[in-house]
Amino acid sequence: MGKGGALSEGVLKNIILSYTYVAIWIFLSFTVIVYNKFILDRKMYNWPFPISLTMIHMGFCSSLAYILVTILQVVEPVQMTRDVYLKSVVPIGLLYSISLWLSNSAYIYLSVSFIQMLKALMPVAVYSIGVLFKKEPFKSQTMSNMLSISFGVAIAAYGEAKFNAWGVMLQLGAVVFEATRLVLIQILMTSKGITFNPITSLYYVAPCCLVFLSVPWMVVELPVLRETSSFQFDFVVFGTNSFCAFALNLAVFLLVGKTSALTMNVAGVVKDWLLIAFSWSVIKNTVTLINLFGYGIAFLGVAYYNHAKLQALKAKDAENKPVEEVGKLLEESRELDGSRKNESSG
């Protein structure tokens with residue numbers, strides 16, 4: 001087979017691998033969301049203890065991350081000083097623990113489909129907090145797009161058959177804390193040259209989350225769990241649930257590492273629509289036409305936002321290229337001058 005055939009095989013292999021990574025991420029993300037709903041919902045497994053469930057996840061993920069980083073040395077640990085850990089990792093761990101607590105709590109009160117619709121507000125929260133912290137420039141066009149997303153989610157909320165104000169507040173709180181965490185990662189870590197992949201992130205952040213969650217757990221859930229003497233810890237249910245949560249982090253590592261963050265965003269949209277369809281057809285949650293109409297508006301706004309971000313990144317790369325080329329030419333010129341001087345002195 002010629003070179004063209006070999007190239008085609010290589011391209012085909014890369015395409016198949018990319019789709020495989022996307023499929024694995026969608027499957028695991030889908031599984032974790034539905035599994036958490038199953039455990040926490042009072043009409044299903046009936047174990048409404050979101051802090052306890054999050055702590056089980058964090059304990060499991062901390063242990064496996066420690067084995068992978070320290071014992072098996074699958075990934076290199078980040079150079080971390082005590083000062084950086086306390087000033088950068090700890091605040092991010094606090095925000096992450098609150099975000100997980102609130103988002104898992106929302107599963108008790110809201111349907112899977114409606115939660116996915118509310119999550120469409122994430123770009124709005126990230127952009128607004130980015131502007132507040134001066135990490136994003138204020139643009140009237142972008143803000144108009146954010147308002148259109150918010151308007152779409154508001155319509156979806158209006159059309160929700162089983163609207164629960166407390167559940168909505170919990171999910172919106174989770175979105176705000178998660179958006180703040182993402183912006184703080186840029187401010188406290190990326191600006192200092194510290195980058196985590198999902199495994200090293202769990203290695204440093206998960207133990208921190210476990211400590212923070214233990215405080216509300218002792219006050220809110222431990223007394224209730226003590227009274228529930230009939231409860232027996234199900235190692236199969238909680239073990240497989242925690243393993244899925246950890247595997248999801250590995251899938252993120254593979255998906256972003258082998259494809260791109262944009263691919264993950266597109267895959268996320270596919271996953272959201274699948275979850276809405278699953279919630280309606282299998283779990284039998286009510287999804288109204290007003291729900292879908294509102295989410296459709298929000299979806300278009302999010303798609304436009306992702307497109308605009310991609311175009312901005314392309315423009316930035318195009319600007320950097322000529323500078324890099326000039327730098328390379330100057331370097332080559334210096335090397336040439338240096339070799340000429342050596343020749344003349346020889």
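**An all-helical model: packing, salt bridges and cysteines**

Helices H2 and H8 are roughly antiparallel to each other, and I would like to begin this presentation with that pair. The model on the screen is a predicted one.

Let me give the geometry. Helix H2 covers residues 50-71 and helix H8 covers residues 198-227. Their axes lie 7 Å apart, and the two helices pack at an angle of about 155°. Since angles over 145 degrees count as roughly antiparallel, the description I opened with follows from that angle. The crossing of H2 past H8 is left-handed. As for the residues in this contact, 21 are nonpolar, 6 are polar and 1 is charged.

I turn now to the chain as a whole. What elements make up the protein chain, and how many are there? The chain has 11 helices and 0 strands. Read from the N terminus, the order is therefore simply α-α-α-α-α-α-α-α-α-α-α. The chain comprises 346 residues, of which 41% count as buried.

The next topic is charged side chains. How many salt bridges does the structure hold? The number is 4, and I shall describe some of them, beginning with Lys37 and Asp41.

Lys37 and Asp41 form a salt bridge in which the closest N and O atoms are 2.8 Å apart. Are these two residues buried or exposed? Both Lys37 and Asp41 are buried. For Asp41, the relative accessible area is 10%, and buried means under 20%. Asp41 sits in the loop between helix H1, residues 3-40, and H2. Asp41 also has a distant partner in sequence to consider, namely Tyr109. The two are 68 residues apart along the sequence, yet their C-alpha atoms are 7.8 Å apart in space.

A further salt bridge joins the side chains of Asp83 and Lys87, at 3.3 Å from N to O. Both residues belong to helix H3, which spans residues 82-109. Because they are 4 residues apart in that helix, about one helical turn separates them. Asp83 has a relative accessibility of 45% and so counts as partly exposed. Lys87, with a relative accessible area of 52%, is exposed.

Arg181 and Glu178 provide another example, with their side chains meeting in a salt bridge at 2.7 Å, N to O. These residues are in helix H7, residues 165-189. They are 3 residues apart there, which means that about one helical turn lies between them. Both Arg181 and Glu178 are buried.

I close with the cysteines. How many disulfides does the count come to? The count comes to 0 disulfides. Why does Cys209 not form one with Cys208? The sulfur of Cys208 is the closest cysteine sulfur to that of Cys209, but the distance is 6.1 Å, too far for a bond. The cut-off for a disulfide is 2.5 Å between the sulfur atoms. Cys209 has a relative accessible area of 0% and is therefore buried. Cys244, at 15% relative accessibility, counts as buried as well.

To summarise, the predicted model has 11 helices and 0 strands. Within it, H2 and H8 are roughly antiparallel, and the structure holds 4 salt bridges and 0 disulfides.

Technical notes: Residues are numbered from 1 along each chain as its sequence is written. This is a predicted model: local features need pLDDT of at least 70, side-chain atom pairs count only at pLDDT 80 or more; totals for chains, interfaces and linings use all residues. Side-chain values use heavy atoms; hydrogens and water are left out. Axes are lines fitted to C-alpha atoms, for helices over the stretch in contact, and angles run from 0 to 180 degrees between N-to-C directions. Angles under 35 degrees count as roughly parallel, over 145 as roughly antiparallel, 65 to 115 as roughly perpendicular and the rest as oblique. A crossing is left-handed if the near helix is turned anticlockwise from the far one by less than a right angle, and right-handed if clockwise. Ala, Val, Leu, Ile, Met, Phe, Trp, Tyr, Cys and Pro count as nonpolar, Asp, Glu, Lys and Arg as charged, and the others, Gly among them, as polar. Buried means under 20% relative accessible area, exposed over 50%, partly exposed in between (1.4 Å probe, protein chains only).
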